[in-house]
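Student: Could you walk me through reading a fold? I'd like the general idea each time, then the case in front of us.

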Amino acid sequence: MVRYLAIGAIFVGTTGLSSALEPGKKPNTPKQPWSDYVVHDGTRPTPEKVKTNGAVVVAPPADAVVLFDGKNSDAFTSGWKVKDGILVASKGDAKSKQEFGDCQLHIEWRIPAERKVKNQQGGNSGVFLMDRYEVQVQESHTNVTYADGQAGAIYGQTPPQVNASAPQGEWQSYDILFTAPRYDGEKLVSPAYVTVVHNGVVIQNHTLIHGPTTYKQVAKYPAKHPLKAPIRLQWHGDPVEYRNIWVREIK
């Protein structure tokens, strides 16, 4: 779940607002123009579960930018803890020092087995493309939350096609293909698109992104947008673990 409201390229903290959003309940949020549901709709059906073999581990290809290889967090602005070759979410979001537009991102993540998880609390993080567009990281194998906030969702916009989550405590993988939005001056020419493969299963297939990630609001594109921006890993108060993070720029 995101803790930020997007105002242009500025994100304003909204800690503690998630308690009003519960599975099975329809919140007092705006209707999504692209669906039959309101934002974070707890009555929206959750995707069918698909059993997988867990994380697909892929070594970085020769032309990849390695953001984390188990040694240190030097590629990020925030000094998240590194323990036993694992990057552990710590206080403050971690942004890559290098910026990217169109890209292929591989990332592996895990919710610690001992964590108590309920709805959006306990096993929550997120992968932000261009510091703006969130693919949700969440415990969704057993835990139930609103569909546009479960693992693999384009947060607040589009649930995954299926639920490919592995059991809590096991490693999972995202392989993400991201196409940045195109602008002509201050006019949006083409929106962003994303394809997400979760544990080897396509869960987002060239999905249109309706704007920067927001909370309790309908996403929309700002008038100005950078050509490139960092990849951001979200700190949501939970020690979500990451490993084997690499990215390739797509030309």
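Student: How much of the chain is buried?

Tutor: Bear in mind that this is a predicted model. A residue counts as buried when its relative accessible area is under 20%. Here, buried residues make up 56% of the 251 residues. As for what stays accessible, the surface comes to about 11000 Å², and 52% of that belongs to carbon and sulfur atoms.

Student: What radius of gyration does the chain have, and what would a compact globule have?

Tutor: The rule of thumb is 2.2 Å times the number of residues to the power 0.38. For 251 residues that puts a compact globule near 18 Å, and the chain has 17 Å, so the two agree. Along the principal axes, the C-alpha atoms fill a box of roughly 45 × 45 × 30 Å.

Student: How many helices and strands are there?

Tutor: The chain has 0 helices and 16 strands. Next, look at sequence separation: of the contacts between residues at least 6 apart in sequence, 66% join residues at least 24 apart.

Student: What about charges? How far apart are the mean positions of the positive and negative ones?

Tutor: You average the places of each sign and take the distance between the two means. With 28 positive and 24 negative charges, that distance is 4 Å in this chain.

Student: Let's go to single residues. Where is Asp-93, and is it buried or exposed?

Tutor: Asp-93 sits in the loop between β5 (86–88) and β6 (94–100). Its relative accessibility is 15%, so Asp-93 counts as buried.

Student: What does the side chain of Asp-93 make polar contact with?

Tutor: For a polar contact, look for N or O atoms within 3.5 Å, one able to donate a hydrogen and the other to accept it. The side chain of Asp-93 has such a contact with the side chain of Arg-232, at 2.7 Å. There is a backbone partner too: the nitrogen of Trp-235 lies 2.7 Å from a polar atom of the Asp-93 side chain.

Student: Where is Ser-73, and what does it touch?

Tutor: Ser-73 is in the loop between β3 and β4 (81–83). Leaving aside residues up to four places away in sequence, Ser-73 touches Ser-78, Gly-79, Trp-80, Val-82 and Leu-87. With Trp-80 you can go down to atoms: its backbone oxygen lies 3.4 Å from a polar atom of the Ser-73 side chain. At 11% relative accessibility, Ser-73 counts as buried. You can also check C-alpha distances: Ser-73 and Ser-96 are 23 residues apart in sequence and 9.4 Å apart in space.

Student: Which backbone atom lies 2.8 Å from a polar atom of the side chain of Thr-213?

Tutor: The backbone nitrogen of Glu-134. Thr-213 itself is in the loop between β14 and β15 (229–233), and its relative accessible area of 1% makes it buried.

Student: Lys-216 is found in which loop, and how does its accessibility class come out?

Tutor: Lys-216 is also between β14 and β15, but at 28% relative accessibility it counts as partly exposed. Its C-alpha atom is separated by 9.9 Å from that of Asp-41, with their positions 175 residues apart along the chain.

Student: And Val-202, what are its place and its contacts?

Tutor: Val-202 is in strand β14 (residues 201–209). It touches Gln-161, Val-162, Val-196 and Val-197, again not counting residues up to four places away in sequence. Its relative accessibility of 39% makes Val-202 partly exposed. As another sequence-versus-space check, Val-202 and Val-88 are 114 residues apart along the chain, and their C-alpha atoms are separated by 26 Å.

Student: Last one: how do I read the sign of phi?

Tutor: Most residues other than glycine have a negative phi. A positive value on a non-glycine is therefore something to look at against that background. His-40 has a positive phi of about 60 degrees. His-40 lies in the loop between β2 (10–13) and β3 (65–68), and it is buried, with a relative accessible area of 1%.

Student: Where is Asn-244, and what is its phi?

Tutor: Asn-244 is in strand β16 (residues 241–249), with a positive phi of about 45 degrees although it is not a glycine. At 15% relative accessibility, Asn-244 counts as buried.

Definitions and conventions. Residues are numbered from 1 along each chain as its sequence is written. This is a predicted model: local features need pLDDT of at least 70, side-chain atom pairs count only at pLDDT 80 or more; totals for chains, interfaces and linings use all residues. Side-chain values use heavy atoms; hydrogens and water are left out. Helices (H or I, at least four residues) and strands (E, at least two) are DSSP runs, numbered from the N terminus. Buried means under 20% relative accessible area, exposed over 50%, partly exposed in between (1.4 Å probe, protein chains only). Contact means heavy atoms within 4.5 Å. Accessible areas come from the Shrake-Rupley method with a 1.4 Å probe; for residues, only the protein chains shown count as cover. Lys and Arg count as positive and Asp and Glu as negative; His and the chain ends are not counted. The place of a charge is taken as NZ of Lys, CZ of Arg, CG of Asp or CD of Glu.
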